[in-house]
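I opened this entry to record what I looked up in the structure, one topic at a time. The notes follow the order in which I went through them.

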Amino acid sequence: MDKHTSIGEVVRDHLLVESEAPQSLSEMEDKIRRVLWWLGNMVLHVWLRWLTKHERERAIACKCGGEARYIRQRPGQLYTLFGVVKYQRDYYLCSTCGQGTYPLDEQLGLRPNAMSAEVERLAGLTGVQMPFAKGSEVFEELTLVSLSDQSLDKATQAYGREVEQQEHEWRKQAQDPTDLQRQEREIKAPLRLYGTVDGGLVPTRAPKGEPQPWRELKIGAWFMARGQPPRHPDDEWAIRAEQITYYADIRPAEEFGPLMWATGVQQHAQLAHELIFLGDGARWIWELVDFYFPNAIQIVDWFHACEYLAPVAQVAFTKKEERERWIEQMKTALWKGQLDTVIAACQKHVDPNREKDPAQQASTYYTNNRHRMDYPTYRANGYQIGSGTVESAVKQIAQQRLKVPGARWNLESARLVSKARAAFLSGQWPDLADRRRCLSHAA
Ligand SMILES: [Zn+2]
C-alpha cells in the first residue's frame, strides 16, 4: 500500500470515529475538506518548527556590511490559507546599523502578523469581483478562511497600489528617450492598434453636509481587432476586440494623459503603422490624443454618434412613425458620411427659445466632430468604428463593481480598486501576484 493510501485510511478512520456513517457525498466532501484544512494548519506548524531547528549561526552578514548577532527566538503569527499559524523564528541584531533581521521570514517571504501572499492574492481576486461584505462571505465559503471586509478591502487596495507602482515604472520608461529609441530599433511595430478612452461616474464620500460628489472614473483600453464592420448599421457587428488591456484612474484629464502615454508605450502605440483612436467626442479625450498621439486616426464611436439623433426627433416630431423614419434616414446619411445632410436636417429643427436645445446640440456635435465621422472611408479600410470594448469596460469597472447600491467610496479606495479591477480584466493578475510575492521576499 502506498503512503497516500495509508494517510487516506487514517483520515477516514478519524472521521468514522468522529461521526456516524455519512448520509451523502456532500457531507463527506464537507467533512474531508474541513479535516484537511486542519491538517494543513498542523503540517504548516510542524514544518515551520522543523525549519527553525537547524544548527544556527551565531552571527550572519548584515546588509550594511556589518555583522548581525543571534539574540533569541521571537514569536510570529501568520494568517495563511490554513488559518492562523504561530511560529518561532531566530532574531539577529546588527551592532553596526542597529537593524534587526529574521532570516527565516526573508527566506520564505513570510509576513508575520499579516495576510500571507496567497491569502492576499485570493482576497484581492475576490475584492475586484464583488462588494467587500459579500466578498468576505464568499471567501470563507470557498477557502474556510474568515476574513473581515476590511481585510478584503486592504488586499484589493494592495493590488491596486501594486498596479500604480507598475504604472509609475512605465511612466518613467515612457519618458526615457534612450528607452524609446531602443523600442524604435528593436520592436516590431504593431500594424494596426486601437486605443479608446471613456469616463463613468463613481459616488464618493463627501464631507458632512455636502452633497455626494460624483467623480469621473476615466478608463482607457488598448486592443487589436479582428473582423469587418457590417455592411449595414443594423446588421450584426462581427468585429471582435482582442488582447485588450485596460487602465483606469480618477484624476483630471491633464494627469490622466501621462498614464495614457505610458500604457500606450507598453503596447508600442507610438510606433504603430496605424493607430486608431475611438472616443465619444468628449473634448478632453481628443485633446489628449492630439497631444500624445498626433498621428492617430480619430474616430467618433458609431453608437455615440447615433445617440444624438433620438432627442432631436423627440422635439421635432409628434408621431412615433415620423420620429423613427427621421432617425433611420439620418443614420443612413451618417453611415454614408453625408454630414452636410445630417447637420442641415438638425439645424432645421433648432429653436432658439428652447433651453439646451437637442437640435442645436446635435448640430454643434456633428459640426465639431465631422472630421472624425468619415465612416465610409473607415469601413472601406476595415476599421472598427464602434468602441464596444471600452464601453463594456466602463460597465464592468464603474457600474458592476463601483456603483454598488448605497456604497460611498473613499476616493483613494475607489481609485485603487478600479486599478486592480482593470488589471484583473486585462489578465494581469498572475504577474501582479508575482510582484507581490517578490515584495514580501525583499521586505
Ligand atoms: Zn547592519
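**Salt bridges**

I began with Arg251 and Glu255, whose side chains meet in a salt bridge with 3.4 Å from N to O; I note here that the model is a predicted one. I then looked up how far each partner is covered, and Arg251 comes out as partly exposed because its relative accessibility is 28%, while Glu255, at 37%, is also partly exposed. Both residues belong to a network of salt bridges, in which Glu164, Glu167, Asp249, Glu412, Arg415 and Lys419 are linked with them.

How many salt bridges does the count come to? I wrote down 31, and I picked two further ones for a separate look.

In one of them, Asp434 pairs with Arg437, and the closest N and O atoms are 2.8 Å apart. I asked myself why Asp434 and Arg437 are separated by about one helical turn, and the reason is that the two are three residues apart in helix H18, which covers residues 429-442. Asp434 counts as partly exposed at 40% relative accessibility, and Arg437, with a relative accessible area of 30%, is partly exposed as well.

In the other, the side chains of Asp30 and Arg34 form a salt bridge of 3.2 Å, N to O. Both lie in helix H2, four residues apart, and this spacing is about one turn of the helix. For Asp30 I noted 33% relative accessibility, so it counts as partly exposed; for Arg34 the value is 41%, which again means partly exposed.

**A nonpolar patch on the surface**

Staying with helix H2, which runs over residues 25-51, I found Trp47 placed in it. Trp47 is also part of a nonpolar patch on the surface, which it forms together with Leu25, Met28, Ile32, Leu36, Leu39, Val43 and Trp50. I recorded about 830 Å² of accessible area for these residues together.

**The zinc ion**

Which protein atoms serve as donors of the zinc ion? I listed the SG atoms of Cys62, Cys64, Cys94 and Cys97, lying 2.3 Å from the ion. Along the chain these donors follow the spacing C-x1-C-x29-C-x2-C.

I next checked the geometry: the four donor atoms subtend angles of 107 to 114 degrees around the zinc ion, and the arrangement is therefore tetrahedral, since the angles fall inside the range of 85 to 135 degrees required for that term.

Is Cys94 buried or exposed? Cys94 has a relative accessible area of 2% and is therefore buried. Cys97, in contrast, is partly exposed, its relative accessibility being 39%.

**Aromatic rings**

A search of the whole structure gave me 22 aromatic pairs. From these I looked at Phe317 and Trp326, which form a tilted pair with 6.1 Å from centre to centre and 50 degrees between the planes. Phe317 counts as buried at 18% relative accessibility, a value that lies under the 20% limit for that term, and Trp326 is buried at 6%.

I then turned to Tyr365 and Tyr366, whose ring centres are 5.7 Å apart and whose planes stand at 70 degrees, so I entered the pair as edge-to-face. For that term the angle has to be over 60 degrees. Tyr365 is buried at 7% relative accessibility, and Tyr366 is buried with a relative accessible area of 0%.

I also noted one aromatic cluster, formed by Trp222, Trp261, Phe277, Phe291, Tyr292 and Phe293.

**Positive phi values**

My last search concerned residues with a positive phi that are not glycine. Gln243 has a phi near 50 degrees, a positive value in a residue other than glycine, and I located Gln243 in strand E7, residues 240-249. With 59% relative accessibility, Gln243 counts as exposed.

Where does Lys356 lie? I found Lys356 in the loop between helix H13 (339-347) and helix H14 (358-368). Its phi is positive, about 45 degrees, although Lys356 is not a glycine, and with a relative accessible area of 71% Lys356 is exposed.

Terms used. Residues are numbered from 1 along each chain as its sequence is written. This is a predicted model: local features need pLDDT of at least 70, side-chain atom pairs count only at pLDDT 80 or more; totals for chains, interfaces and linings use all residues. Side-chain values use heavy atoms; hydrogens and water are left out. Patches are made of residues with over 30% relative accessible area and no salt bridge: like charges are joined within 9 Å, nonpolar side chains (Val, Leu, Ile, Met, Phe, Trp, Tyr) within 5 Å. Accessible areas come from the Shrake-Rupley method with a 1.4 Å probe; for residues, only the protein chains shown count as cover. A salt bridge is a side-chain nitrogen of Lys or Arg within 4 Å of a carboxyl oxygen of Asp or Glu. Buried means under 20% relative accessible area, exposed over 50%, partly exposed in between (1.4 Å probe, protein chains only). Donors are N, O and S atoms within 2.8 Å of the metal (3.2 Å for Na, K and Ca); water is not among the atoms, so sites may look incomplete. Four donors count as tetrahedral if all angles lie between 85 and 135 degrees; four count as square planar and six as octahedral if opposite donors are over 155 degrees apart and all others between 65 and 115; anything else is irregular. Rings of Phe, Tyr and Trp (its six-membered ring) pair if their centres lie within 6.5 Å; planes under 30 degrees apart count as stacked, over 60 as edge-to-face and the rest as tilted.
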